[in-house]
There are 2 protein chains.
Amino acid sequence: MAERITPRSENYSDWYVDIVLKAQLADYSPVKGSMVIRPRGYALWEHIQRGLDDMFKATGHTNAYFPLLIPESFIHKEAEHVEGFAPELAVVTHGGGEKLEEPLVIRPTSETIIWSMYKKWIQSYRDLPLLINQWANVLRWEKRTRLFLRTTEFLWQEGHTAHETEREAREETLRMLEVYRTFAEDYMAMPVLTGVKTESEKFAGAINTYAIESLMQDRRALQAGTSHFLGQNFAKAFDVQFQTRESTLEHVWATSWGASTRLVGALIMTHSDDNGLIVPPRLAPTEVALIPIFRSKNKAEVLPRARALYDELRTEFRVELDDDENNSPGWKFAEWELRGVPVRVEMGPRDIENGQVTLARRDTGEKETVPTDQAAERIRTLLQEIQKNLFERARAFREENTHYPATYDEFTALFNGGANGFAVVPWDGDPATEAQVKTDTKATIRVLPFGNEDEAAGKQCIVSGKPAKHIAVFAKSY
Amino acid sequence: MAERITPRSENYSDWYVDIVLKAQLADYSPVKGSMVIRPRGYALWEHIQRGLDDMFKATGHTNAYFPLLIPESFIHKEAEHVEGFAPELAVVTHGGGEKLEEPLVIRPTSETIIWSMYKKWIQSYRDLPLLINQWANVLRWEKRTRLFLRTTEFLWQEGHTAHETEREAREETLRMLEVYRTFAEDYMAMPVLTGVKTESEKFAGAINTYAIESLMQDRRALQAGTSHFLGQNFAKAFDVQFQTRESTLEHVWATSWGASTRLVGALIMTHSDDNGLIVPPRLAPTEVALIPIFRSKNKAEVLPRARALYDELRTEFRVELDDDENNSPGWKFAEWELRGVPVRVEMGPRDIENGQVTLARRDTGEKETVPTDQAAERIRTLLQEIQKNLFERARAFREENTHYPATYDEFTALFNGGANGFAVVPWDGDPATEAQVKTDTKATIRVLPFGNEDEAAGKQCIVSGKPAKHIAVFAKSY
């Protein structure tokens, strides 16, 4: 911990990399664009996985696993899909010492291989709905990468569902968007906007893409999860028809939805500070760090008391006892702050004398003392308070940085002057207008919020002055 | 369930494939050698993962994630490693539309990429031991594949640990072998032999390979998990040295250990029968299937009682209520048998009249009736009995099929006459003798049991007649 973390005010991008490397969440690998997720980073991902997986299962989904390698011809079966993904593919040309007859691509996403299987499995409406999720690695060749946020290989989950009717598929799309919103807000303490993407920002092969969008501390937006209504596009590309209740044949309706290790990056950039990581309690691999404070002369007095408290706390919390004798208390405080552990418990000779412990909360740095026999009870409520405070703090930050400029000059000044944040403005719905904004400011439409068309009625596009069709949320994004 | 499962006596190999496909555990994919793990098969893998992962964490390991793609040159750094894996590699030559400067291989195992990172992370004895596990997909180009047992891509875990001393690394190797043995026997109800592999059967790059070996119902052996003592081979290949407690520089000592989706195949082939899958309770995604038996006239009487019992049982067991009205009770019995659910609960009008339910156990087919208010208690003990019985039955089978032939003629007759099983015999330790046995019988040495050298003293090799160095366990294997 002698090494300094670049302050956010100095260079946000360097700050982020410092946190990731110094908290040992991830590391650069010898393979360009691929990262190594170190144990502390992977523990965060495991908690994210567990939370999401429970929610997927509670909404009727089961997990399965499909091949990593996909025949190149499959990617070409859906016109928009190939256009979107072809430039990002990694291609296996040789296997077992021989050149392959048909090259195989490493999955950038699994719609094509999965729908080739759904063709075998779906014959009748009785086989529907089919609600499958996959936890897997995927690979998209990226020119510019950033740890967790954009890497050539990443870990994710991808849900792929098949339905009898358009209505059911649309309901599923929105149900899973709501799962992502709930997870982001209740587990990650990360407030998100929800809505639909414009044509230019949607998934290659989707009819509609919905997303959750969050505002990072540098006031740039991050897309943290997407849910796609795929219509009958993939069913048609792979000729997946089913016998309906009326004995007719119809193409199956589809959705897909995904969230990735990018969430770890979002977590870091939403809450952490210049002292290191801050992890919301519900996702914290360690909720409590217990640090006995002693020298050799009072070790025999302090350590047994600390161990007794540790044994009590571990029945309820994910707690670590740091009784290492090589490092000073000050070094340990800084280390556990760097790691983002929500609550630190300090227990020294004077605390023991007074029958108390000191609790320090990571989010605010505040300290308090409580009687040792009430420590567990107080920690329980403190963890809830921290979880809530992190969410409220992030929401207040987002609200402070959500703007409603009245003119296009005000709008461009926001992004070109460095204020950034979300800009919520009327838009004429024209892709050309959207493209012009991007040229002028680098900002893009993150979402069109639900119900935005009604709100747009009677308003004028902030760019073109034409009648507005939507209220759009613009931001510069990761 | 109208479809017939090939009886084991008719064709064991067809029986196995029938179980896998008809119980919907897996399916063939359009990619040669790769399989699709369907939800029911994946649920088994999830239970296996959970069980093993808990044991890894209880022994001090954490999970991490390393890149899928490895620079081809890395594989060449350890001489035996490249010799073993080069023929099985899949090679990525193009990415993002361009030819790569150096080809990348898809990991067949991760020693090389991981040790290239350990070089960055290990400087001092204070950084040791490093106890990391990875859950991942790997790929080995295979000419002949079998669902779950041998597939080009498979899912596994691979532990990679780094230690200060040879002794610690050797202890770790055996600790993890014992984790595998415990898991196989206590969770999978699959008795295993443990021991060391011969030079010809060991992992490419290891000093010693230890394995758990199980006997399948066709009396062929299956290697179900391996633990390798790697010595300083990979530390030397990647130049990973650490400062010792004595301030000298030394190469790090290493282990690696793995178990894969092959375990699902082992589970099937150890316990299942001609009616379908049999899953040991501890790994059963569904422990209890509750089947109400009713016609339209008594539906209103039976269903609410069944639902009440379901609500009671689900607080304690993984239970499914099959109240579908389209299928007959007989169809449902066969279906839940096919799926291998350990206990079936039947509840019909007469049961209700008598205040009882009927319990059927999957392992023996035995039925019994119990008062409904004692059902949960009886199911609890029944699940334990089934777990135990499956293990005992498999162990008895193994003992019946473990042979101690006195002459080489008896030995070859075992394997060439189709009896197969394990043959435990003195061996002179000569690779040429081992090779001759393979030529004569297709049998290989599965393990040299612990302490075998002492037992071999004074005995003669069954093949050469020379003084025996080992007692070896031979079998034909998967």
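Two strands count as paired if DSSP finds at least two bridges between them. In this predicted model, that condition is met across two chains: strand S5 (residues 90-95) of chain A is joined to S5(B) by 5 bridges. The two strands run antiparallel. Within this pairing, Val91(A) stands opposite His94(B).

The strand pair belongs to a wider contact, to which chain A and chain B each bring 41 residues. On the chain B side, at least two residues each come from strands S2 (35-37), S3 (62-63), S4 (69-71), S5 (90-95), S7 (130-139) and S8 (153-163), and from helices H2 (39-58) and H5 (111-121). The most is given by S5(B), with 6 residues. By type, the side of chain B that touches chain A has 24 nonpolar, 11 polar and 6 charged residues.

Now turn to helix H14 (residues 431-441) of chain A. Which residues of H14(A) are buried? They are Glu434(A), Val437(A) and Thr441(A). These three lie on the same side of H14(A), because they cover an arc of only 60 degrees around the axis. An α-helix has 3.6 residues a turn, so residues three or four places apart point the same way.

The buried residues of H14(A) are covered by parts of chain A that include helix H13 (408-416), strand S22 (444-447) and strand S23 (470-475). On the face turned away from the buried side, H14(A) carries the exposed residues Pro431(A), Ala432(A), Ala435(A) and Thr439(A). Just after the helix comes Lys442(A), which takes a positive phi of about 70 degrees.

Definitions and conventions
Residues are numbered from 1 along each chain as its sequence is written. Chains are lettered from A and ligands numbered from 1 in the order in which they are written. This is a predicted model: local features need pLDDT of at least 70, side-chain atom pairs count only at pLDDT 80 or more; totals for chains, interfaces and linings use all residues. Two residues are in contact if their C-beta atoms, placed from the backbone, lie within 7 Å. Helices (H or I, at least four residues) and strands (E, at least two) are DSSP runs, numbered from the N terminus. Ala, Val, Leu, Ile, Met, Phe, Trp, Tyr, Cys and Pro count as nonpolar, Asp, Glu, Lys and Arg as charged, and the others, Gly among them, as polar. A residue is buried if 20 or more other C-beta atoms lie within 10 Å of its own, exposed if 12 or fewer, and partly exposed in between; C-beta atoms are placed from the backbone. The arc is that of the directions from the helix axis to the C-beta atoms.
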